[in-house]
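Trainee: Could we go through this structure together? I should like to begin with the charged side chains.

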Amino acid sequence: EGDDLNTGKKAVFLPRLRDNEWIFFNDYEEAYKNRFIYPFFGLRQAGKSENIVSLCLRELSLFKNTEAMALFASDPDKDTFVKKITTAINHGEKFMIIPNIDKNWEKSEIRFGITRQDSSIDLRSRLYIYNTQEGKKIQVGAGKTVSFLLMDEIAKSSYRSVYDVLEPALLSDSGKLRCTPLFTFTGGEADKSKDAEILIKH
């Protein structure tokens, strides 16, 4: 979804491939190969929201048994993600997008798969989606072993305590990460963004 350059109105269309997207997806792929954490931060209008939706939907659609988790600091951030992912599902290329079985995005678990004519379900993947309430709900993602982790707007609040609860389930027996956690932000208050600042500096 974006501005139509011809009319100036909002429209749904195939995205343009800019350097931003090329860099983001290639860098994420490199981080994935090495099992590194991938922080993504920068200016407004860089395409962060669209990129994280695209990457999450890629995992949910292309890889069977994906257990993805998306964590947000507040309801507006979560709502933006839900709006963009539902737009992508409804208007994207049907041959490669696995539809969501659960249509109520107020739920914390959304199943993706195919509902057969006899009402049985071919379950392909799951998305757990939570609001951490600016890091106050520390245990929100506990008990899940996910293969994709997104933590969005980590500079709006202390994210580290939430991640510390999740990290043991993300580590393999050898101590390497099972997946590549994706931490994103565009800015935040100085005091609340200390965790994000430490992550970027190290």
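Mentor: Let us start with Glu-50, which is partly exposed, with a relative accessible area of 37%. Please keep in mind that this is a predicted model.

Trainee: With which residue does Glu-50 form a salt bridge?

Mentor: Its partner is Lys-84, and the closest N and O atoms of the two are 2.7 Å apart. The pair links distant parts of the chain, since Lys-84 is in helix H3 (residues 75-91) and Glu-50 is in helix H2, 34 residues apart.

Trainee: Is Lys-84 buried or partly exposed?

Mentor: Lys-84 is partly exposed, because its relative accessible area is 25% and the buried class is kept for values under 20%.

Trainee: How many salt bridges are there by this rule?

Mentor: The count comes to 15. Another of them joins Arg-126 and Glu-67, with 3.6 Å between the closest N and O atoms.

Trainee: Which parts does that pair tie together?

Mentor: Arg-126 lies in strand E6 and Glu-67 in strand E4, so the salt bridge ties together parts that are 59 residues apart in sequence. Arg-126 is partly exposed at a relative accessible area of 24%, and Glu-67 is also partly exposed, with a relative accessibility of 24%.

Trainee: And what about Arg-160 and Asp-164, how far apart are their closest N and O atoms?

Mentor: They are 2.7 Å apart, and the two residues form a salt bridge. Arg-160 and Asp-164 are separated by about one helical turn, because they are 4 residues apart in helix H4 (residues 160-170). Both side chains belong to partly exposed residues: the relative accessible area is 40% for Arg-160 and 36% for Asp-164.

Trainee: Which residues are joined into one network by salt bridges that share partners?

Mentor: Glu-29, Arg-58 and Glu-59 are joined in that way.

Trainee: Let me change topic to pockets. What lines the second largest pocket?

Mentor: Arg-160 appears again here, as one of the lining residues, and the others include Tyr-159, Tyr-163, Phe-183, Asp-195 and His-202. The elements giving two or more residues to this lining are H4 and helix H5 (194-201). H5 gives the most, with 3 residues.

Trainee: How much space lies in it, and how do the lining residues divide?

Mentor: About 230 Å³ of space lies in the second largest pocket. Its lining divides into 7 nonpolar, 1 polar and 2 charged residues.

Trainee: Now the surface. Which residues form a nonpolar patch there?

Mentor: Leu-62, Phe-63, Phe-95 and Met-96 form it, with about 460 Å² of accessible area together. Phe-63 sits in the loop between H2 and E4. Phe-63 counts as partly exposed, because its relative accessibility is 38%.

Trainee: What is notable about the phi of Asn-65?

Mentor: Phi of Asn-65 is near 65°, a positive value in a residue other than glycine. Asn-65 is placed in the loop between helix H2 (48-62) and strand E4 (66-72). Asn-65 counts as exposed because its relative accessibility is 58%, and exposed means over 50%.

Trainee: And where is Gln-133?

Mentor: Gln-133 is in the loop between strand E6 (121-131) and strand E7 (148-152). Its phi is near 50°, again a positive value in a residue other than glycine. Gln-133 is partly exposed, with a relative accessible area of 40%.

Conventions
Residues numbered from 1 in each chain as written. Predicted model: local features only at pLDDT ≥ 70, side-chain atom pairs only at ≥ 80, totals over all residues. Heavy atoms only, no water. Buried < 20%, exposed > 50% of the residue type's maximum accessible area, 1.4 Å probe, protein only. Salt bridge = Lys/Arg side-chain N within 4 Å of Asp/Glu carboxyl O. Patch = residues over 30% accessible without salt bridge, like charges linked within 9 Å, V, L, I, M, F, W, Y side chains within 5 Å. Areas by Shrake-Rupley, 256 points an atom, 1.4 Å probe, with all protein chains shown as cover. 1 Å grid on protein atoms, 1.4 Å probe; cavity = no way out; pocket = protein on both sides within 12 Å on 5 of 7 lines; lining within 4 Å. Points joined across faces, edges and corners; volume = space filled by probe spheres on them. Nonpolar A, V, L, I, M, F, W, Y, C, P; charged D, E, K, R; others polar.
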